[in-house]
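Trainee: I should like a close look at a single part of this model. Please treat it in one connected account, working outward from one residue to its surroundings.

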Amino acid sequence: TASLAGSMPERTIVRAIDVLQVDPWSESAYQLLVAAHAASGDRAAARRALQRCEAMLDELGAAPSPETTGLMRRLREADRPAGDGPGAWVDPATPR
C-alpha cells in the first residue's frame, strides 16, 4: 500500500478520502493519505491529514500504530532545514 501511495499519489489520495468518508476511524486510510500527499510533494496536506489522524486516535483513546509513528518521524525529517539532514520525503516502501 505504501508503494501505491508513492507510485500513484493522486489516485491514492482520492481512494483514501473515499474510504475515510465511509470509515472515518480507518488509521490505515489516514496512513495512505499522509504518504500519498507527501509523495506528491504536498507536505502541508500530509501534516494536516496526520493531525486529523492523531485527533481521531485521541478521540478513540488509542495510540498510533508503529506505521503511523513512522510517518510522523519521516515528515519531521523531511521538514528539517537543508543543513540538518535529508529534506526529502522518504517513501516507506523504499528500502533504507
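**One residue and its surroundings**

Mentor: Once neighbours within four places in sequence are set aside, Thr68 is in contact (heavy atoms within 4.5 Å) with Glu27, Gln31, Leu50 and Cys53. The model is predicted, so local features need pLDDT of at least 70 and side-chain atom pairs count only at pLDDT 80 or more, whereas totals for chains, interfaces and linings use all residues. Residues are numbered from 1 along each chain as its sequence is written, and side-chain values use heavy atoms, with hydrogens and water left out.

Thr68 is found in helix H5; helices are DSSP runs of H or I with at least four residues, strands are runs of E with at least two, and numbering starts from the N terminus. Because its relative accessibility is 0%, Thr68 counts as buried. Buried means under 20% relative accessible area, exposed over 50% and partly exposed in between, with a 1.4 Å probe and protein chains only. Seven further residues need not be sought far along the sequence: the buried set of H5 consists of Thr68, Gly70, Leu71, Met72, Arg74, Leu75, Glu77 and Ala78. The partners against which these buried residues pack are H3 and H4.

The setting is helical throughout. The chain contains 5 helices and 0 strands, and its elements run α-α-α-α-α from the N terminus on. Of its 96 residues, 36% count as buried. Among the contacts in the chain with a separation of 6 or more, 50% are made by residues 24 or more positions apart.

Consider the first partner, H3. The axes of H3 and H5 come within 10 Å and cross at roughly 20°. H3 is therefore roughly parallel to H5. At this contact, Glu27, Gln31, Val34, Ala35 and Ala38 in H3 meet Glu67, Thr68, Leu71 and Leu75 in H5. By class, these residues comprise 5 nonpolar, 2 polar and 2 charged. Here Ala, Val, Leu, Ile, Met, Phe, Trp, Tyr, Cys and Pro are nonpolar, Asp, Glu, Lys and Arg are charged, and the others, Gly among them, are polar. Axes are lines fitted to C-alpha atoms, for helices over the stretch in contact, with angles from 0 to 180 degrees between N-to-C directions. Angles under 35 degrees are roughly parallel, over 145 roughly antiparallel, 65 to 115 roughly perpendicular and the rest oblique.

The second partner is H4. The axes of H4 and H5 come within 11 Å and cross at roughly 145°. From H4, Arg43, Ala46, Arg47, Leu50, Cys53 and Glu54 meet Thr68, Met72, Leu75 and Ala78 of H5. This contact of H4 with H5 has 6 nonpolar, 1 polar and 3 charged residues. Thr68 thus appears in the contact with H3 and again in the contact with H4.

The two partners also pack against each other. Helix H3 (residues 27–39) and helix H4 (residues 43–60) do so at an angle of about 165°, their axes 7 Å apart. This makes H3 roughly antiparallel to H4. H3 contributes Glu27, Tyr30, Leu33, Val34, His37 and Ala38, while H4 contributes Arg43, Ala45, Ala46, Ala49, Leu50, Arg52, Cys53, Met56 and Leu57. The residues of this contact divide into 11 nonpolar, 1 polar and 3 charged.

Ala46 illustrates how the three helices come together. Ala46 lies in helix H4 and, with 0% relative accessibility, counts as buried. Beyond its neighbours within four places in sequence, Ala46 is in contact with Val34, His37, Ala38 and Leu75. The C-alpha atoms of Ala46 and Ala36 are separated by 7.7 Å, although the two residues are 10 apart along the chain.

His37, one of the contacts of Ala46, is found in helix H3. Its relative accessibility is 14%, so His37 counts as buried. Apart from neighbours within four places in sequence, His37 is in contact with Ile13, Asp42, Arg43, Ala45 and Ala46.

The helix that carries His37 is itself largely enclosed by the rest of the structure, because 10 of the 13 residues of H3 are buried. These are Glu27, Ala29, Tyr30, Gln31, Leu33, Val34, Ala35, Ala36, His37 and Ala38. Glu27 and Gln31, both in this buried set, are also contacts of Thr68. Just after H3, Gly41 takes a positive phi of about 95°.
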